[in-house]
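I sat down with this one and a cup of coffee to see how it is held together. Here are my notes, in the order I looked things up.

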Amino acid sequence: MKPDCVFCKIVAGKSLAEIDYEDDEVLAFKDLYPKAPVHLLIIPNRHIESIATLEEDDLSVIGHCFLVAKRLGEAKGVAERGYRVNCHCGPEGGQVIYHLHYHLLAGKPS
């Protein structure tokens, strides 16, 4: 856990979030500023700054994040119509919070 990371604080239960999914490796919660009717953030519980800092040991949790995205798409009833999973990397890639996270967006065309 990185003490100044807002997502690490959510994982630790020190900041509030509307959680939709949680297990030992991954947490998913509603985005505070949704860009679609369904907008969830899927994060590894362990602090990983961004795609740019990924290492071989991170492969398992990254794959797990995508399986969680699949399950959430099904649970939210958007799997058949479709959804997007986006990830921003670095300042020019639009990353604002430096804890790796995936946006699951659905409910309107992109």
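The entries below go through cores, salt bridges, one lone acid and the aromatic pairs.

**Entry 1: the model.** I noted at the start that this is a predicted model.

**Entry 2: the main core.** I began with the largest nonpolar core, which has 17 residues. Which members touch the most others? I found Val26, Val38, Ile42, Leu72, Tyr102 and Leu104. Next I asked which elements give two or more residues to this core. They are strand S2 (26-30), strand S3 (38-44), helix H2 (59-75) and strand S5 (102-106). The largest share comes from H2, with six residues.

I then picked Leu104 and listed its contacts, leaving out residues up to four places away in sequence. Leu104 touches Val38, His39, Leu40 and Ile42, then Ala69, Leu72 and Gly73, and also Tyr83 and Arg84. Apart from the largest core I found another, of eight residues, including Phe7, Cys8, Leu27 and Leu41.

**Entry 3: salt bridges.** How many salt bridges does a search of the whole structure find? It finds five, and I looked up several of them.

Glu18 and Lys30 meet through their side chains, at 3.5 Å from N to O. Glu18 sits in the loop between helix H1 (6-11) and strand S1 (19-22), while Lys30 is in strand S2, so I logged this as a link between distant parts of the chain, 12 residues apart. Lys30 is partly exposed, with a relative accessible area of 30%.

Lys76 bridges to Asp20, and their closest N and O atoms are 2.7 Å apart. Lys76 lies in the loop between H2 and strand S4 (84-86) and Asp20 in strand S1, so this pair ties together parts that are 56 residues apart in sequence. Buried or exposed, I wondered about Lys76, and the value of 34% relative accessibility makes it partly exposed. Asp20 is partly exposed too, at 25%.

The pair of Glu74 and Lys70 has its N to O distance at 3.0 Å. Both residues lie in helix H2, four residues apart, which is about one turn of the helix. Glu74 counts as partly exposed at 44% relative accessibility, and Lys70 is partly exposed at 42%. I also checked for shared partners: Glu18, Asp20, Lys30 and Lys76 are joined by salt bridges into one network.

**Entry 4: an acid without a bridge.** Side chains of opposite charge can pair when their charged atoms come close. With that in mind I turned to Asp31, in the loop between S2 and S3. Asp31 is buried but has no salt bridge. How far away is the nearest side chain of opposite charge? That side chain belongs to Lys35, and the distance is 5.7 Å; a salt bridge needs the atoms within 4 Å.

What does the side chain of Asp31 reach instead? I found the backbone nitrogen of Tyr33, at 2.7 Å. Leaving out residues up to four places away in sequence, Asp31 touches His39, Leu40, Leu41 and His103. His39 and Leu40 were already in my list for Leu104.

**Entry 5: aromatic pairs.** The count of aromatic pairs comes to two. I looked closely at Phe7 and Phe29, whose ring centres are 5.4 Å apart. Their planes stand at 75°, so the pair is edge-to-face, the cut-off for that label being over 60 degrees. Phe7 lies in helix H1 and Phe29 in strand S2, so the pair ties together parts that are 22 residues apart in sequence. Phe7 counts as buried, at 4% relative accessibility, and Phe29 counts as buried at 3%. Phe7 had come up before, as one of the residues in the core of eight.

Conventions: Residues numbered from 1 in each chain as written. Predicted model: local features only at pLDDT ≥ 70, side-chain atom pairs only at ≥ 80, totals over all residues. Heavy atoms only, no water. Core = buried A, V, L, I, M, F, W, Y, C linked by side-chain atoms within 4.5 Å. Buried < 20%, exposed > 50% of the residue type's maximum accessible area, 1.4 Å probe, protein only. Contact = heavy atoms within 4.5 Å. Lys, Arg positive; Asp, Glu negative; His and termini not counted. Polar contact = N/O pair within 3.5 Å; in protein donor to acceptor, adjacent residues only side chain to side chain. Phe/Tyr/Trp six-rings, centres within 6.5 Å; stacked < 30°, edge-to-face > 60°.
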